[in-house]
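Here's a quick briefing on the structure below, sorted by topic. Have the viewer open while you read.

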Amino acid sequence: MHSYEVNFDGLVGPTHNYAGLSFGNVASKRFAAQPSNPKQAALQGLEKMRTMRQLGLHQGVLAPHARPHMALLKQLGFTGSDAQILEKAYKYNPTLLSACFSSSAMWSANAATVSPSSDSADNRVHFTAANLSNKLHRSIEAPTTGRILQATFANSNYFAHHAPLPGHDHFADEGAANHTRLCPKHGDKGLHLFVYGREAFNEGGVKPQKFPARHTLEASAAIARLHQLDDSQQLYIQQNPEVIDQGVFHNDVIAVGNEQLLFCHEQAFYKQHQALDTISSAYSALYDDAHRLSIVEVPTEAVSVADAVSSYLFNSQLITLPSNATALIAPQECAENPAVKAYLDDLLTQPDTLDEVHYVDIKQSMQNGGGPACLRLRVVLTEQELAATNPACLFSDKLHHTLSDWVKRHYRDQLCQDDLRDPLLIQESYAALDELTKLMNLGSIYDFQR
């Protein structure tokens, strides 16, 4: 049976704002507290989804989270009406209120780690929502993420959902942003490349000095066990701590893979040459000589780490088109960076690398710290599994029109940090999301609905 890689993009929520909460994310910090445009952000995301569909790919949509996260504020002792709670929290600490208004759940690459049925012992697609324990504003996401995934992939004959890992620093899990699956074709058994920043149980291990290593080896190993992966299909590689300290907070900011191609910077991994040899050997052990892994290693002299981070070259989507051509869905910032654009233009002339590059405008997401790959969760589905997926969450021209109209009716054109104190923002947001759950047939996924 044929299998498809379906990208499920996070729909940007009505409270999209630039809070600058993510220590280690250079773009997030650079645009902190600047006015955002929630309506433009959501429409840009929908346009990217439409581009993917026009290229002939299956595309899905994941609902946004409800913000502010009132449950956290109440858990911390703030009482009264919603308006009173917002004001009290703001007066206590504006950053805490910003954390409860975080729009980071739009980046679905962090939502979960996914293993297809071809790789799991029980032949089901496995999902584990990421605990995102390293950041307060992201650690509140997992329960809602789990409900959204369960509403999108509800049939237990095909889909298995796991609780997030313990919310402890030893099992810090950043989801698919640190996970790459390599294989001849999406429907084949795959090699799961788990990239971690540090070893929690090895205090003397290598780790970054400036910015945190958000993802642990122990978290990746637990995911592999939960997803019933065979030992031969698991590989654990450490991210280069030196580039984490340069703003490469996730592996998908410095490397991306698709089927038989791994596209990475020459400083992506710790002990890079050894790491790439290990990856190649593990891949060769799974497949015959007809299927060889191709590695495109971008030299620093062509693209510096700083240029890679500012343009999010590696946070592009690397995809296989229906024609079997390999394409890169890159942010417009890559076209505007002379070094990156020159490198991509040259790469298009090289055999067995890229066949096409498509540039997309997602500036609102980029300024908040996430590129095209951040916005999507990759889910490999057979035809039967695709048919068992909530059809109201699968992108189409009709859904594009419906969601665009919904965004235009409910979203603001501008949102400043001081607007987070506005109690009307809660009412607007909750009303919009309540309508959305009906449009996407999701049921009561939000706390305010339960």
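Start with strand β3 (112–115) in this predicted model: Ala112 and Val114 point one way from the strand, Thr113 and Ser115 point the other way, and all of them are buried. That fits a general pattern: in a regular strand the side chains alternate between the two faces of the sheet. β3 is a handy way in, as it turns up again below in the lining of the largest cavity and in the cover over helix α8.

**β3 and its partner**
- β3 pairs with strand β4 (residues 125–129) over four bridges, in the antiparallel sense.
- If you want a spot to look at, Ala112 sits opposite Ala129 in β4.

**Helix α8 and what covers it**
- Helix α8 (residues 217–226) is mostly covered, with seven of its 10 residues buried.
- Those buried residues are Leu217, Glu218, Ala219, Ser220, Ala222, Ile223 and Ala224.
- Which strands help to cover the buried residues of α8? The cover includes β3 and β4, along with β7 (191–196) and β8 (234–238).
- Just after α8 comes Gln228, which takes a positive phi of about 60 degrees.

**Cavities**
- Rolling a probe the size of a water molecule over the atoms shows where empty space is left.
- There are seven cavities of 30 Å³ or more in the structure, and the largest has a volume of about 300 Å³.
- The largest cavity is lined by 22 residues, and the closest to its centre are Glu5, His179, Thr180, Arg181 and Arg378.
- Four strands each supply at least two residues of that lining: β3, β6 (179–182), β9 (255–258) and β15 (376–382).
- Of these, β15 gives the largest share of the lining, five residues.

**The largest pocket**
- The largest pocket holds about 370 Å³ of space.
- It's lined by 17 residues, and His2, Ser3, Tyr4, His186 and Thr320 are the closest to its centre.
- Two elements give two or more residues to the pocket lining, β1 (3–10) and β12.
- β1 has the largest share of the pocket lining, with four residues.

**The sheet β12-β13-β14**
- β12, which we just met at the pocket, belongs to an open sheet of three strands in the order β12-β13-β14, with mixed pairing.
- β12 (317–320) and β14 (356–360) are the edge strands, and each has a single partner, so one side of each is left without a neighbour in the sheet.
- From one strand to the next, the twist averages 25 degrees.
- Strand β13 (residues 326–331) and β14 run parallel and are joined by five bridges.
- Pro331 is found opposite Val360 in β14.
- Helix α2 (residues 38–54) lies across β12, β13 and β14, and runs at about 25 degrees to β12.

**The sheet β9-β10-β11**
- β9, one of the strands in the cavity lining, is part of another open sheet of three strands, ordered β9-β10-β11 with mixed pairing.
- β9 and β11 (294–298) stand at the edges with a single partner strand each, so each has one side left without a neighbour in the sheet.
- Neighbouring strands here are turned by 10 degrees against each other on average, direction ignored.
- Strand β10 (residues 261–265) pairs with β11 in the parallel sense, over five bridges, and the partner of Leu261 in β11 is Ser294.
- Helix α10 (residues 272–286) packs on this sheet, touching β10 and β11, and its direction makes about 170 degrees with that of β10.
- Helix α13 (residues 338–347) also lies across β10 and β11, running at about 150 degrees to β11.

**Nonpolar cores**
- The largest nonpolar core has 90 residues, and the ones with the most contacts inside it are Leu73, Phe269, Ile279, Val379, Leu381 and Leu436.
- Which helix gives the most to this core? That's α17 (residues 423–439), with six residues.
- A second, separate core has 19 residues, including Phe263, Val298, Ala330 and Tyr343.
- Back in the largest core, Phe269 touches a mixed set of residues, among them Val195, Ile237, Gln238, Asn251, Cys264 and Leu276.

Key: Residues are numbered from 1 along each chain as its sequence is written. This is a predicted model: local features need pLDDT of at least 70, side-chain atom pairs count only at pLDDT 80 or more; totals for chains, interfaces and linings use all residues. Side-chain values use heavy atoms; hydrogens and water are left out. A nonpolar core is a set of buried Ala, Val, Leu, Ile, Met, Phe, Trp, Tyr and Cys residues joined through side-chain atoms within 4.5 Å. Buried means under 20% relative accessible area, exposed over 50%, partly exposed in between (1.4 Å probe, protein chains only). Contact means heavy atoms within 4.5 Å. Two strands pair if DSSP finds at least two bridges between them. Axes are lines fitted to C-alpha atoms, for helices over the stretch in contact, and angles run from 0 to 180 degrees between N-to-C directions. On a 1 Å grid over the protein atoms alone, a cavity is a set of points where a 1.4 Å probe fits but cannot get out, and a pocket is an open set with protein on both sides within 12 Å along at least five of seven lines; lining residues have an atom within 4 Å of a point. Grid points are joined across faces, edges and corners, and a volume is the space filled by probe spheres set on the points. Lists of a residue's contacts leave out its neighbours within four places in sequence.
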